[in-house]
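This report describes one protein chain, from its overall make-up to a helix pair and a few backbone details.

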Amino acid sequence: MFNFEFSESLIVHFRRVEILRREALSLQDIDLSETQLTDIELLLNRGMYPLDGYMNRENYASVLDTMRLADGTVFPIPVCLDVSEKAASRLEVGQRVALNDQEGVLLAILTISDIWLSEPEREAEAVYGTVDGSRHPQVQALYDRETFWYIGGTLEGVSLPVHYDFQDLRLTPSETVRRFTMNGWRKVLGFHTDDYLHCAHREMVLAAAREAGAAILLHPVADLSHPGDLDYYTQVRCYQHFIDRFPPNMILLGLMPFASRKAGPRAALWQAIIRKNYGCSHFMVAEDHADPYVNDDQKFYPVGAAQRLVAEYQEETGIVMVPQKQMGYLPDEKIYVEVSQQEKEKLETISSQELQRRLTMGAHIPEWFSYAEIVEELQRTFPPRSRQGFTIFLTGLSGSGKSTIAKVLLVKFLEMRDRPVTLLDGDIVRKNLSSELRFSREHRNLNITRIGFVASEITKNGGIALCAPIAPYESSRQANRELISSCGGYIEVYVSTPLAVCENRDRKGLYAKARAGIIKGVTGITDPYDPPKNPDIVIDTTEITPMEAVQEILLYLQQQGYIV
Ligand code: PPS
């Protein structure tokens, strides 16, 4: 067959591509998932050298047990093609299979060498260091899958997966190496990241690169798992601004296709080997590299373990471990220094939560922390709450006062005139949006999620949605909270006026009819009302006027920064 050992990529000559395309017409095919697409891209572009395809069973077992391929080469993470039981039953060893992207475009032909049943527990223990899914999200994800099989075999590449975003930045290993050579860079420090980067990061990378006498490859993870996600585009634009802040001929930006395995030390070593394949001589490793948890007080892997493992293998892998040293700002001297060499109290830092808070509240972000152009990108994507849309979702029994409060709020917001307002009262919705629905649990939930959908569209476009249905069930209220808070503000107001008071008011005669048995399934009488678990505001209108209730809500909105 072919010897891919030293080829630049696994993509074959275009004359052979023509033959493979014809062959593929008569082959069984597999459309690869998002994760599988990133793996195949790194295989085809040789970011995972020396792999010339998916690991066979012998290599897989050897990687799990010894962190080495069967021939002894260090390789810490298994890379096989996973397929469902049903798909596996149609495949056999020796068969050639067409591998496609999600639109069915042919990427490669795989010649199957092995097919075997996955062993999630064995893999979890070896790769992630635990069989306990409750302690490691990625282990849990392995267990959550239906039974799957692995396939090993060599690949003949037809095309790399196509990307339409940031095409200039999607450098393959050979293109990266060519750029290094053109720039005269013999030593290059690879920097893997998926975070926003600011001034402290610049100082950190520059100091590390200078110490190693190296230039820098800023190599963030290209993540299009959520196409249309503004955040991703903002992040890449911020990286573009970030590299402009470096001295000339010092840093190159390339996006890397990468399906992250939060396997701590093993993942760090794997990332280092991939960067070696992209031409780097050094690789920056954090104390908590590839840990599944971001909070400092809850790490899964021992602090520093990733750095130690990458350093231990550096002779063999040929890439030197450079520890990531956190930098902090010394306001008295207006300089950045290593955090470990200073008393913490003297340093100023802004955590990512604090940055998020400042963006939300429209607060000042100091020049020492980030660059003006990066702040501007962030502010555009994450406008302050005073410029975001929001939904006020009033829930409570019939007669609790929801509609009256909503109507007064409508008037107040119309007076303010700073955002368009829409009232989605229970009655209005039932007349216009849910006219065919009755009052079963299923219909009520459907009614509430419909309201949630409309409110989310209003919120996304910067408006105010006022909703006032009974909404008796937590599940549909929770679904609305999740949907709407992803695109703006969501304020749940529990109008907790007791049943006795509501029944006493009984403007529509609903409760009287329910007691007389004329209407069945009335909320509070013969149908349940689950009180909200975590409402943002609770208002009992027994003793207060509608205007007083509205005042409470307006104060809350001011405190939270939605109105100024
Ligand atoms: S839900 O549960 O959220 O879908 O209900 P909602 O859309 O808010 O509709 C409630 C109004 O419909 C009238 N109505 C009933 N309510 C509760 N249970 C039963 N069986 C029922 N049948 C009719 C009732 O007058 C509610 O009006 P409001 O404005 O809430 O008083």
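The protein chain has 21 helices and 19 strands. The model is predicted. Along the principal axes, the C-alpha atoms of the protein chain fill a box of roughly 85 × 70 × 40 Å. The chain counts 564 residues, and 51% of them are buried. About 27,200 Å² of the protein chain is exposed, with carbon and sulfur atoms supplying 50% of that area. Among contacts between residues at least 6 apart in sequence, 72% join residues at least 24 apart.

**A helix pair**

Two packed helices are described by the angle between their axes and the distance between the axes. Helix H17 spans residues 441-460 and helix H18 residues 474-485; they pack at an angle of about 15°, and their axes are 9 Å apart. Because angles under 35 degrees count as roughly parallel, H17 is roughly parallel to H18. The crossing of the two helices, H17 and H18, is right-handed.

On the H17 side, the contact includes Asn445, Ile448, Thr449, Gly452 and Phe453, as well as Ala455, Ser456 and Thr459. Their partners in H18 are Ser475, Ser476, Arg477, Ala479, Asn480, Leu483 and Ile484. By class, the residues of this contact between H17 and H18 comprise six nonpolar, eight polar and one charged.

**Backbone details**

Most residues other than glycine have a negative phi, and most peptide bonds are trans. The table lists two residues other than glycine with a positive phi.

| Residue | Phi | Location |
|---|---|---|
| Arg46 | near 75° | loop between H2 and S2 |
| Asn249 | near 55° | loop between H9 (230-243) and S9 (251-253) |

A cis peptide bond runs from Tyr49 to Pro50, with omega near 10°. Pro50 lies in the loop between helix H2 (34-44) and strand S2 (53-54), and Arg46 is also found in the loop between H2 and S2.

**Around Ser9**

Which residues does Ser9 touch, not counting residues up to four places away in sequence? Ser9 touches Leu44, Asn45 and Arg46. Ser9 is placed in the segment before helix H1 (14-24). The C-alpha atoms of Ser9 and Leu43 are separated by 8.3 Å, although these residues are 34 apart along the chain.

Buried or partly exposed: how do Ser9 and Arg46 count? Ser9 has a relative accessible area of 22%, so Ser9 is partly exposed. Arg46, at 4% relative accessible area, falls under the 20% cut-off and is therefore buried.

How values were computed: Residues numbered from 1 in each chain as written. Predicted model: local features only at pLDDT ≥ 70, side-chain atom pairs only at ≥ 80, totals over all residues. Heavy atoms only, no water. Axes fitted to C-alpha atoms, helices over the stretch in contact; angles between N-to-C directions. Helix = DSSP H or I, 4+ residues; strand = E, 2+ residues; numbered from the N terminus. Parallel < 35°, antiparallel > 145°, perpendicular 65-115°, else oblique. Left-handed = near helix turned anticlockwise from the far one by under 90°. Contact = heavy atoms within 4.5 Å. Nonpolar A, V, L, I, M, F, W, Y, C, P; charged D, E, K, R; others polar. Buried < 20%, exposed > 50% of the residue type's maximum accessible area, 1.4 Å probe, protein only. Areas by Shrake-Rupley, 256 points an atom, 1.4 Å probe, with all protein chains shown as cover.
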